[in-house]
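Trainee: I would like to take a close look at a single part of this protein, and then see how that part sits within the whole. Could you take me through it slowly?

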Amino acid sequence: MAGGGGSERAGAGGLLPPALRQHRRRESRERLSVCSKLCYAIGGAPYQITGCALGFFLQIYLLDVAQVDAFYASIILFAGRVWDAITDPMVGFFISKTSWTRFGRLMPWIIFSTPFAIISYFLIWFVPDISTGQVMWYLVFYCAFQTLVTCFHVPYSALTMFISREQSERDSATAYRMTVEVLGTVLGTAIQGQIVGKVDTPCIESAFFGLTNSSVAMEELNMTHDTKSLTDTRNAYMIAAGVIGGLYVLCALILLLGVREKRESSELQSDEPVSFFQGLKLVMNHGPYIKLIAGFLFTSLAFMLLEGNFALFCTYTLGFRNEFQNILLAIMLSATLTIPFWQWFLTRFGKKTAVYVGISSAIPFLIAVVVLDSSLFVTYVVAVAAGISVAAAFLLPWSMLPDVIDDFKLQHPCSHGHEAIFFSFYVFFTKFTAGVSLGISTLSLDFAGYQTRACFQPGQVNFTLKMLVSAVPVGLILLSLLLFKLYPIDEEKRRKNKKALQDLRQESNSSSESDNTELASIV
């Protein structure tokens, strides 16, 4: 019986046309296992864990723990972010020139950057015992880490196009990735926030600032207890950095051992190589790409402003000095739990609709957090609701970029190997504007009269923080929604592109098979 059934199935399979049998075999090969998707997704966690810790805590760390002047802190944040942005296209260029190895073209970058990235990350959270050069210390190691983590993240982002040809498989892997990455932000927030939050960071009563300035006031205080508390706080930051560094290594190992980079996944056999600068010109002239990154540019800018200033906002404006790390954790947990919902939503209603609904849903809560009276319960409600929108902002750019690349391939079928350019320049534009925004926001706090380690801040500082976490992000989100109206790839266009790419690949494979058959007959 079993043998007969097998014969029938074999016979039925033999009746299928060769092209259809080959198509089914290729589809089976292109399917990714759950294990492969999970290993791929885990590889995105290091960037989010470290980025979240730096985004939420570096500003308040420089100002209140390392005691860097607000003006110099703004220079460190601005220069580090701008340098980070510049390194993205640089790394994209070098990746495009990298030859394929037995590990792939992208994996070697991830392997060799990891140990140096961990060392530089730890040194960011170390307060050197030097009287001069402290600003240069943080600037050098912050820029070094941003360079090294870019050498990890740009090839990892481009890896999306090298794990499968199937659009549905890439979308599914992207959903896994976004879930793990948002979980990474939870881990980054939890590890950094809970370890640091266990230590009571000392502050100086504002009455002392009326005497002269903050440095004179601190000299006149009895600093015995405060110095011990400050040392404990600094040690807590280093412990958190060590834990996060260990997670970085673990996630990188899982990615390297669990994911195979497939050379043929992003290349049609009829492709001819195009130089980097020719490819860059083609990419920058591709209309859907420019419209997509323009929309997400302002969305990213809005959430970067919120991320960079929210710890200060909770500490000083809302007065929740001992709760801000838990509020941040509520945002990230909410975002993690709603990633699957947004993946279902974009599949059911389309990606453009998900953009409008997901990102705009943050607006009422950003307004409520500054309009309503300071209440811990209301703040937690707003945090949970805001996390839902954060999840959409995490998922959608990385889900839509592969659609743009597919559209590009149809318009330029003889050009390949530019995936890293698409991803690196998207990250470049968002990071550059984020650097400008963080530098300006920290500088504006300095102009408003921010007092280092003060228990309370002047009214101008609180007003500035309200603008930075509410009014400005809301305006940027509204502008981004207007730009998304111009984005041309809707669900109908996406389905047409998918069908056209499948036809093009089948035609390429059929041509290759004909050539092989002709060669065999000649032999």
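Trainee: To begin with one residue, in which helix is Thr-338 found?

Mentor: Before we start, please keep in mind that this is a predicted model, and that the values I quote are computed from it. Thr-338 is found in helix α13, which covers residues 324-349. Thr-338 counts as buried because its relative accessibility is 15%, and the cut-off for buried is under 20%. Looking at the side chain of Thr-338, you will find that one of its polar atoms lies 3.2 Å from the backbone oxygen of Ala-335. If we leave aside the neighbours within four places in sequence, Thr-338 is in contact with Gly-387, Ile-388 and Ala-391.

Let us stay with the helix and go on to another of its residues, Gln-343, which is also found in α13. With a relative accessible area of 16%, Gln-343 is buried. When residues up to four places away in sequence are not counted, Gln-343 touches Asp-171, Ala-175 and Leu-395. A further pairing shows how the fold brings parts of the chain together: Gln-343 and Leu-396 are 53 residues apart in sequence, yet their C-alpha atoms are 8.8 Å apart in space.

The next helix to look at is α16, which runs over residues 376-411 and holds Asp-403. Asp-403 has a relative accessible area of 3% and is therefore buried. The side chain of this residue makes a polar contact, at 2.7 Å, with the side chain of Lys-351.

With those details in place, we can set them against the protein as a whole. Its secondary structure comes to 19 helices and zero strands. Of the 523 residues in the protein, 55% are buried, as are the three residues we have just visited, Thr-338, Gln-343 and Asp-403. Among contacts with a separation of 6 or more, 87% are between residues 24 or more positions apart. As for the surface, the protein exposes about 22100 Å², and carbon and sulfur atoms supply 66% of that area.

Elsewhere in the chain, a helix worth your attention is α18, made up of the 26 residues 459-484. At 1.5 Å a residue, α18 should span 38 Å, and because its end C-alpha atoms are 37 Å apart, the expected span and the computed distance agree. Even so, α18 bends by about 40° at Met-467.

For a loop residue, turn to Gln-67, which is found between α4 (45-65) and α5 (70-96). Its phi is near 60°, a positive value in a residue other than glycine. Gln-67 has a relative accessible area of 27%, so it is partly exposed.

Finally, consider the rings, for the structure holds 24 aromatic pairs. One of these is formed by Phe-71 and Tyr-72, an edge-to-face pair with 5.5 Å from centre to centre and 75° between the planes. Phe-71 is partly exposed, with a relative accessible area of 36%, and Tyr-72 likewise counts as partly exposed, at 41% relative accessibility. Ring pairs also link Tyr-61, Tyr-121, Trp-125, Tyr-138, Phe-145 and Tyr-237 into a cluster, which you can trace in the structure from ring to ring.

Definitions and conventions:
Residues numbered from 1 in each chain as written. Predicted model: local features only at pLDDT ≥ 70, side-chain atom pairs only at ≥ 80, totals over all residues. Heavy atoms only, no water. Helix = DSSP H or I, 4+ residues; strand = E, 2+ residues; numbered from the N terminus. Buried < 20%, exposed > 50% of the residue type's maximum accessible area, 1.4 Å probe, protein only. Contact = heavy atoms within 4.5 Å. Areas by Shrake-Rupley, 256 points an atom, 1.4 Å probe, with all protein chains shown as cover. Expected span 1.5 Å × (residues − 1). Bend = angle between axes of the 7 residues up to and from the residue. Polar contact = N/O pair within 3.5 Å; in protein donor to acceptor, adjacent residues only side chain to side chain. Phe/Tyr/Trp six-rings, centres within 6.5 Å; stacked < 30°, edge-to-face > 60°.
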